[in-house]
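Trainee: I have a new structure open and I don't know where to begin. Can we go through it together?

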Amino acid sequence: MGRAASGAVPQSLCQADLTDTDVLIVGGGPVGLFLGCCLAQHGIRFQLVERQPLPSTHTKSIGIHPPALARLAHVGVAERLIEAGVCVSCGIAFAGPAEIGRLSFTMGPGPYRFIVAIPQHRTEALLRQRLDELAPRSFTPAAAVVAVHEDPDAVCTTLHDGQVLRSRLVVGCDGMGSQVRKSAGFHYLGAEYPDRYVMGDFDDTSGLGTAACVFLGRQGLVESFPLPGMIRRWVARDATGNQMRDVAQLAEIIRRRTGHVVAASTASMFSPFRTFAFVAHPFARGRVLLAGDAGHVVSPIGGQGMNLGWMDVWDLVPELVALLAGQASIEAVARRYADRRSRAYRIVRRRAEFNMWMGREGRSSVVKQSMARLLLGTPLAAYFAARFSMRGLPDAP
Ligand SMILES: Cc1cc2nc3c(=O)[nH]c(=O)nc-3n(C[C@H](O)[C@H](O)[C@H](O)COP(=O)(O)OP(=O)(O)OC[C@H]3O[C@@H](n4cnc5c(N)ncnc54)[C@H](O)[C@@H]3O)c2cc1C
């Protein structure tokens with residue numbers, strides 16, 4: 001029985017067999033690109049379609065954690081990211097301008113004992129370069145998916161120009177607004193948090209070196225991270241609820257909450273952002289599977305959403321290999337994958353919620369500062385360092 005999704009294509013079109021591949025990846029963001037690299041290495045036939053005609057220039061995600069680096073190393077991208085980014089091996093917590101404690105990311109298993117800070121568009125460019133080396137002509141830009149329709153033997157995916165692609169499986173890596181998810185009829189359960197933030201990238205004159213910094217205080221959180229080219233990302237909690245609309249205001253807030261002066265005239269990026277927690281239900285069904293933001297979104301405070309998406313891929317690839325080799329059933333793969341990914345999502349979501357709670361303004365911030373001072377002075381600091389660098393997830397090495 002074919003499962004009709006919204007905008008389903010007629011059976012006759014589906015049988016037209018315009019393109020025939022094993023896996024169709026929808027979305028060429030960081031998660032879809034990594035999946036393409038992994039499938040290429042396993043010799044699996046795939047195609048990737050991306051809605052945008054040109055590469056993204058968004059710098060939104062900047063932190064790549066040790067477990068993700070270990071996975072990216074398998075496709076030959078970790079070293080390129082390390083070379084192009086800044087290695088952050090220490091986190092410093094401040095109460096206003098005064099240091100209250102440090103976290104070291106140098107402990108823990110594996111060769112990567114730091115977090116790499118690099119703008120998302122650079123990460124995507126390096127993944128894309130690697131995909132082109134491993135599987136030339138697998139990436140099709142300016143190809144937007146409008147509908148998926150599942151048959152017993154294949155999935156038919158319709159593009160904006162009416163072309164129908166036929167594949168044994170479809171993996172939706174098409175972000176939070178995923179058309180694959182909507183078209184397959186999966187729900188997206190969750191809500192928006194009241195927490196709003198503003199971020200900006202400025203020339204770095206802070207003297208904070210390569211440390212990642214968190215400033216806790218009565219007026220709300222400020223985070224600060226180094227970026228390549230002597231740039232620093234500053235993120236401030238917007239206690240007014242998304243009314244901070246210009247870069248001079250952000251610079252003033254940074255000065256008041258941290259004592260650091262950033263020159264508004266050097267801002268290369270300024271953007272307010274909202275926070276969400278959503279998870280798809282189901283996460284996978286039949287021949288349609290999700291990965292990355294298409295399947296779950298967590299708050300960026302803590303910077304783990306993209307990394308979680310890469311872990312989805314790492315989890316999914318051996319399952320796809322077994323499935324395509326006839327060694328596993330579609331139902332069993334979908335069930336196992338969905339169970340593991342939902343569990344990992346819940347852990348990462350809780351961590352992000354803790355980070356947001358720590359950064360909320362108000363009188364309790366004095367208690368939170370004392371708590372942070374206390375925790376960072378004990379062996380528990382290693383536990384928090386592991387949480388911030390995404391170690392200790394069920395499937396992390
Ligand atoms: C301010 C901010 C800071 C962040 N910082 C971090 C961080 O430091 N670390 C971290 O791990 N995460 C961070 N994140 C989260 C991270 O940006 C996302 O989790 C990540 O982009 C998800 O990648 P993705 O490939 O799943 O989806 P996306 O990046 O959304 O990519 C989806 C791709 O699919 C394409 N697409 C969409 N619809 C279609 C369609 N119908 N047909 C074909 N193609 C389609 C899109 O054009 C896009 O290229 C941050 C997020 C924000 C907002």
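Mentor: Sure, and one definition helps before we start: helices (H or I, at least four residues) and strands (E, at least two) are DSSP runs, numbered from the N terminus. Keep in mind that this is a predicted model.

Trainee: Okay, then in which loop does A142 lie?
Mentor: Look at the two strands on either side. One is β8, residues 139-140, and the other is β9, residues 145-150. A142 also has a positive phi of about 55 degrees although it is not a glycine. Its place is the loop between β8 and β9.

Trainee: And which residue takes a positive phi in the hairpin of β5 and β6?
Mentor: Start with the pairing: β5 and β6 run antiparallel and are joined by six bridges. One of the pairs puts C90 with S104 in β6. The hairpin leaves two residues between the strands, and the one with a positive phi near 60 degrees is G96.

Trainee: Which strands are the edges of the eight-stranded open sheet?
Mentor: Read off the order, β6-β5-β13-β14-β15-β12-β16-β19, where the pairing is mixed. An edge strand here pairs on one side only. That leaves β6 (98-104) and β19 (296-297).

Trainee: What stands opposite F215?
Mentor: Go to strands β13 (residues 212-216) and β14 (residues 222-227), which pair in the antiparallel sense over three bridges. Across from F215, in β14, you find V222.

Trainee: Which helix lies across β5, β6 and β13?
Mentor: Don't mix it up with α7 (residues 247-258), which packs on the sheet touching β5, β12, β13, β14, β15 and β16, its direction making about 80 degrees with that of β15. The helix you want covers residues 364-376 and runs at about 45 degrees to β6. That's α10.

Trainee: Is α2 roughly parallel or antiparallel to α8?
Mentor: Helix α2 (residues 30-41) and helix α8 (residues 305-324) pack at an angle of about 30 degrees, their axes 9 Å apart. Angles under 35 degrees count as roughly parallel. So α2 and α8 are roughly parallel.

Trainee: How many nonpolar residues are in that contact of α2 with α8?
Mentor: The α2 side includes F34 and L35, while the α8 side includes W310 and V313. One residue of the contact is polar and one is charged. The nonpolar ones number ten.

Trainee: Then how does α8 run relative to α9, roughly parallel or antiparallel?
Mentor: The axes of α8 and α9 (residues 330-358) come within 10 Å and cross at roughly 165 degrees. Anything over 145 counts as roughly antiparallel. So α8 and α9 are roughly antiparallel.

Trainee: How many charged residues does the contact of α8 with α9 have?
Mentor: You can spot some by name: D312, D315 and E319 are among the α8 residues, and R336 and R340 among those of α9. By class, the contact has ten nonpolar residues and no polar ones. The charged count is six.

Trainee: Last one: which element gives the largest share of the shell around the ligand?
Mentor: There are 34 residues around the ligand, and the closest are G27, G29, G175, G292 and G305. By class, the shell has 13 nonpolar, 16 polar and five charged residues. The elements giving two or more residues are α2 and α8. The largest share, four residues, comes from α8.

How values were computed. Residues numbered from 1 in each chain as written. Predicted model: local features only at pLDDT ≥ 70, side-chain atom pairs only at ≥ 80, totals over all residues. Axes fitted to C-alpha atoms, helices over the stretch in contact; angles between N-to-C directions. Parallel < 35°, antiparallel > 145°, perpendicular 65-115°, else oblique. Contact = placed C-beta atoms within 7 Å. Nonpolar A, V, L, I, M, F, W, Y, C, P; charged D, E, K, R; others polar. Pairing = 2+ DSSP bridges. Near = placed C-beta within 6 Å.
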